[in-house]
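Open the model in your viewer and keep the selection tool ready. The tour goes stop by stop, with something to select at each one.

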Amino acid sequence: MPKVMELDKVVVWDGNMAACQAMRQAQIDVVAAYPITPSTPIVQNYGTFTSNGYIDGEFLLVESEHAAMSACVGAAAAGGRVATATSSQGFALMVEVLYQASGMRLPIVLNLVNRALASPLNIHGDHSDMYLGRDAGWINLCAYNPQDAYDLNLMAFKIAEDMSVRLPVIVNQDGFLCSHTAQNVRPLSDEEAYKFIGEYKSKNPLFDFAHPVTYGAQAEEEWHYEHKAQLHNALMKSSEVIGRVFSEFKALTGREHNIVECYDMQDAQVAILALGTTVESARVAASNARKNGIKAGVVSLKVFRPFPFIEVGEALKHCKAVAILDKSLPAGAMGALYNEVSAALYNASAKGGASPLLSNYIYGLGERDMTQKDLGEIFAEIDKDAKEGRITHAVQQFVGLRGPKMSFF
């Protein structure tokens, strides 16, 4: 049995420590990892916990991130609780194996500490890697701060391992702004955390020799389509389990998490929609905008996959103008989050719901600062849109970019 770690009711952890403490409390059977900035402290600290007797499981250091996810797939198929962590280029190297994990319905938990993708090389945070894996068949959860990184990790195991889900889960957190920023965190005791997650229940384990199974079988046109449709169906329906687990966690801790989070949206005429650490900054900016007479609010997502189309439409149904913030390179299109939200609101408007004016703000590439001044100007711009009933500026803009102002739509 592993040693119990005595924790204070309030501790000061950064996002990486919060994530790896939750992993420790989950009593994982196998963690296979290859360190990469800014997620390195997760596996580094986990290795220390293992050496000091706090973990009764296997900790494998492999030769690459591709190998790390491959080892996780093998361990999960064998019937174990499995997790890992990575970022950026390492995640890009993993992507091939992500599809194996989801296609085989293996409940692996991956901490993705979001970081820019090269080239040019950059170790700081944006959401390029998050969007790289959005269609790989994994549930995606989004943390705003270290407390979220802790809470969502505990819930990720419970969601992934639910027998009606059995899908891998990514817990996203912003590189450095969350992963290396220390804040107060209120952890559960080791006993409470493990009781919440529950004992691991395997499904079709390879080591059950009395009931042999095959993983990774080939399926051409006769059955490939059906497998993918079932995966999509399970992913879409997982929102029911996610909502239930969020409710159970609130009952245990008093901390509320929602698939879509709303701030000052009761009478909001304009809103920013964002992900990650930007959410808390946008909430401050919204409060300041209200002091200037702008009915501002903020909508944010704790769950990016399955995408909450209905909930987003409901949250924005009274708005006249919405700014959608994308912390990634659009690469020849509107931003990825903008496109998701546009689809949600298009369907809502087709049913008589909201049809607000939508603007796309690209920001924070390579961790360029998004300031309160920037956010205040965005609220002022979309407030002008709302009052005039039209978009009064370029639909897509790059916030904080040096040199000539750049827009394409």
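What follows is a walk through a predicted model, from a central strand out to pockets, loops and single residues.

**Stop 1: strand S10**

Select residues 270–274, which form strand S10. Five of the five residues are buried, so the strand is largely enclosed by the rest of the structure. Now colour the two faces separately. Val-270, Ile-272 and Ala-274 sit on one side. Ala-271 and Leu-273 sit on the other. Both faces are covered.

Add strand S11, residues 296–301. It pairs with S10 in the parallel sense, over five bridges. To find the register, pick Val-270: it stands opposite Ala-296 in S11. Then trace the connection. The chain leaves S10, passes through helix H9 (residues 278–291) and arrives at S11. This β-α-β crossover is right-handed.

S10 has another partner to show. Add strand S13 (321–326). S10 and S13 also pair in the parallel sense, here over four bridges. For the register on this side, select Leu-273; its bridge partner in S13 is Ile-324.

**Stop 2: the loop after S13**

Follow the chain out of S13 towards helix H11 (336–350). Ser-328 lies in the loop between them. Is Ser-328 buried or exposed? Its relative accessibility is 4%, under the 20% cut-off, so Ser-328 counts as buried. Show its contacts, leaving aside neighbours within four places in sequence. They are His-127, Ser-128, Tyr-131, Ile-362, Tyr-363 and Leu-365.

Stay in this loop and select Ala-331. Ala-331 has a relative accessible area of 62% and is exposed. Check its backbone too: phi is near 50 degrees, a positive value in a residue other than glycine.

**Stop 3: the largest pocket**

Switch on a surface and go to the largest pocket, with a volume of about 830 Å³. It is lined by 25 residues. Which of them are closest to its centre? Select Gly-103, Met-104, Arg-105, Gly-216 and His-227.

Next, colour helix H4 (88–103) and helix H8 (224–253). Each supplies at least two residues of the pocket lining. H8 gives the most, with five residues. Colour the lining by class and you get eleven nonpolar, ten polar and four charged residues.

While H4 is highlighted, pick Glu-96, which is found in this helix. At 52% relative accessibility, Glu-96 counts as exposed. Draw a C-alpha to C-alpha distance from Glu-96 to Asn-347. The two are 32 Å apart in space and 251 residues apart in sequence.

**Stop 4: the cavity**

Hide the surface and look for enclosed space. The structure holds one cavity of 30 Å³ or more. The largest cavity has a volume of about 40 Å³. To show its lining, select Asn-114, His-127, Met-130, Cys-142, Ala-143, Asn-172, Gln-173, Asp-174, Leu-275 and Gly-276.

Which strand gives the most to this lining? Strand S7, residues 169–174, with three residues. By class, the lining divides into four nonpolar, five polar and one charged.

His-127 links back to an earlier stop: it lines this cavity and is in contact with Ser-328.

**Stop 5: helix H6 and the loop after it**

Select helix H6, residues 146–161, and zoom in on Asp-148. Asp-148 counts as buried, at 6% relative accessibility. Leave aside neighbours within four places in sequence and show its contacts. They are Ala-143, Asn-153, His-257 and Lys-302. Ala-143 is also one of the residues lining the cavity.

Now follow the chain from H6 towards S7 and stop in the loop at Arg-166. Arg-166 is buried, with a relative accessible area of 4%. Its phi is near 45 degrees, a positive value in a residue other than glycine.

**Stop 6: two cis peptide bonds**

Finish in the loop between strand S5 (109–114) and helix H5 (128–132). Select Ser-119, which is found there, and Pro-120, placed in that loop as well. Read omega along the backbone. The bond from Ala-118 to Ser-119 is cis, with omega near 10 degrees. The bond from Ser-119 to Pro-120 is cis too, with omega near 0 degrees.

Notes: Residues are numbered from 1 along each chain as its sequence is written. This is a predicted model: local features need pLDDT of at least 70, side-chain atom pairs count only at pLDDT 80 or more; totals for chains, interfaces and linings use all residues. Side-chain values use heavy atoms; hydrogens and water are left out. Buried means under 20% relative accessible area, exposed over 50%, partly exposed in between (1.4 Å probe, protein chains only). Contact means heavy atoms within 4.5 Å. On a 1 Å grid over the protein atoms alone, a cavity is a set of points where a 1.4 Å probe fits but cannot get out, and a pocket is an open set with protein on both sides within 12 Å along at least five of seven lines; lining residues have an atom within 4 Å of a point. Grid points are joined across faces, edges and corners, and a volume is the space filled by probe spheres set on the points. Ala, Val, Leu, Ile, Met, Phe, Trp, Tyr, Cys and Pro count as nonpolar, Asp, Glu, Lys and Arg as charged, and the others, Gly among them, as polar. Two strands pair if DSSP finds at least two bridges between them. A crossover is right-handed if, with the strands pointing away from the viewer, the path from the first strand over the helix to the second runs clockwise.
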